[in-house]
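Visitor: I've got a structure here and a few things I'd like to ask about it. Could you walk me through it?

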Amino acid sequence: MNTIMRKSVLGIAGLAFAGGVIGGPVAAHAATPAVDAKPVAVVQADKPGVDKGKLMPMPNGTHGTQSRINLDDEQTANVKAIIAATKKSDMNERAAVISIATSLQESKLHNLGHLGDANDHDSLGLFQQRPTSGWGTPEQITDPQYSTTAFLKGLKQVDGWQDMPLTDAAQTVQVSAYPDAYAQWEQQAADLVAQYWNS
């Protein structure tokens, strides 16, 4: 996506919260440890009521080598919080997949506070949103429901987000220095949504 288009989309993606405006790029990759990218088996739960067509729109599917991490109780709770916020925002399973994949890349699904010298500027929370970029206060950004809702408001402003490759949709909201990094988490995010959407 060219710079003019990205700036236009970001200009449109201003997010209104209680009379304030939230919006802006996120870049927290310096603080995010690298994960070995390995081929993974597809393990999607067959839960009734999950529209698998909304998890990964075809013909897009996953792009590139997929990564996968084991989740602890905190990370699983954050997956469930992202799904709950997605439902509350009246968005579908695909929005939850994009949100979870984004959080996997940005924070490995940890609700990160300030990391001192390892912090990328003032990035915080599941999505590594920055107070100085207008995403909200530190308290708001470290609230999983608020941060997910802020991300989803930006996503709603991206024309055609439902059908575009996940990494393009996430990048349009996040404006990362590593625009292709989100793609590696798509399969795990889809598996998590299939597993927890109806739980």
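**A walk through the fold**

Guide: To start with the outside, the protein chain has an accessible surface of about 9,100 Å², and carbon and sulfur atoms hold 53% of that. Keep in mind that this is a predicted model.

Visitor: In what order do the helices and strands come along the protein chain?

Guide: The protein chain has 7 helices and 2 strands. Read along the sequence, they give the pattern α-β-β-α-α-α-α-α-α.

Visitor: What share of the contacts with a separation of 6 or more comes from residues 24 or more positions apart?

Guide: Let's take burial before contacts: of the 199 residues in the protein chain, 51% are buried. As for the contacts in the protein chain with a separation of 6 or more, the share from residues 24 or more positions apart is 71%.

Visitor: Is Ile-98 buried or exposed?

Guide: Ile-98 sits in helix α3, which covers residues 93–107. Leaving out residues up to four places away in sequence, Ile-98 touches Phe-151, Leu-155, Trp-161, Leu-166, Ala-169 and Ala-170. The cut-off for buried is under 20% relative accessible area. Ile-98 has 0% relative accessibility, so it counts as buried.

Visitor: How far apart in space are Ile-98 and Trp-185, C-alpha to C-alpha?

Guide: Along the sequence, 87 residues separate Ile-98 and Trp-185. In space, their C-alpha to C-alpha distance is 9.1 Å.

Visitor: How far apart should the ends of helix α5 be, at 1.5 Å a residue?

Guide: Helix α5 runs over residues 144–156, which makes 13 residues. The expected span is 1.5 Å times one less than the number of residues. The end C-alpha atoms of α5 are 18 Å apart in the model, and that agrees with the expected 18 Å.

Visitor: Why is α5 described as largely enclosed by the rest of the structure?

Guide: Among the buried residues of α5 are Pro-144, Tyr-146, Phe-151, Leu-152 and Leu-155. α5 is largely enclosed because its buried residues number 10 of the 13.

Visitor: Which backbone nitrogen does a side-chain oxygen of Asp-143 reach at the start of α5?

Guide: The contact is a side-chain to backbone one, with the side-chain oxygen of Asp-143 coming to within 2.9 Å. The backbone nitrogen at the other end belongs to Gln-145.

Visitor: Which residues form the aromatic pair, and how are their rings arranged?

Guide: The structure holds 1 aromatic pair. Its rings have centres 5.0 Å apart and planes at 10 degrees, and planes under 30 degrees apart count as stacked. That makes it a stacked pair of Phe-127 and Phe-151.

Visitor: How many residues apart in sequence are the parts that this pair ties together?

Guide: Phe-127 counts as buried at 0% relative accessibility, and Phe-151 likewise counts as buried at 0%. Phe-127 belongs to the loop between α3 and α4 (138–141), while Phe-151 belongs to helix α5, so the parts tied together are 24 residues apart.

Visitor: What is the phi of Gln-128?

Guide: Gln-128 lies in the loop between α3 and α4, and at 0% relative accessibility it counts as buried. Leu-109 also has its place in the loop between α3 and α4, with a positive phi of about 65 degrees although it is not a glycine. For Gln-128, again a residue other than glycine, phi is positive and near 50 degrees.

Visitor: Which backbone nitrogen does the side chain of Ser-176 reach?

Guide: Ser-176 is in the loop between α6 (166–174) and α7 (186–196). At 7% relative accessibility, Ser-176 counts as buried. Its side chain makes a 2.8 Å approach to the backbone nitrogen of Tyr-178.

Visitor: What do the buried residues of α7 pack against?

Guide: Of the 11 residues of α7, 10 are buried, so α7 is largely enclosed by the rest of the structure. Those buried residues include Leu-192, Val-193 and Tyr-196. α6 is mostly covered too, with 8 of its 9 residues buried. The buried residues of α7 pack against α2 (73–88), α3 and α6.

Visitor: Which residue lies over the face of Trp-197?

Guide: A charge sits over a ring if it is within 6 Å of the ring centre and within 35 degrees of the ring normal. Here the distance from the ring centre of Trp-197 is 4.9 Å, and the residue is Lys-87.

Technical notes: Residues numbered from 1 in each chain as written. Predicted model: local features only at pLDDT ≥ 70, side-chain atom pairs only at ≥ 80, totals over all residues. Heavy atoms only, no water. Helix = DSSP H or I, 4+ residues; strand = E, 2+ residues; numbered from the N terminus. Buried < 20%, exposed > 50% of the residue type's maximum accessible area, 1.4 Å probe, protein only. Polar contact = N/O pair within 3.5 Å; in protein donor to acceptor, adjacent residues only side chain to side chain. Contact = heavy atoms within 4.5 Å. Areas by Shrake-Rupley, 256 points an atom, 1.4 Å probe, with all protein chains shown as cover. Phe/Tyr/Trp six-rings, centres within 6.5 Å; stacked < 30°, edge-to-face > 60°.
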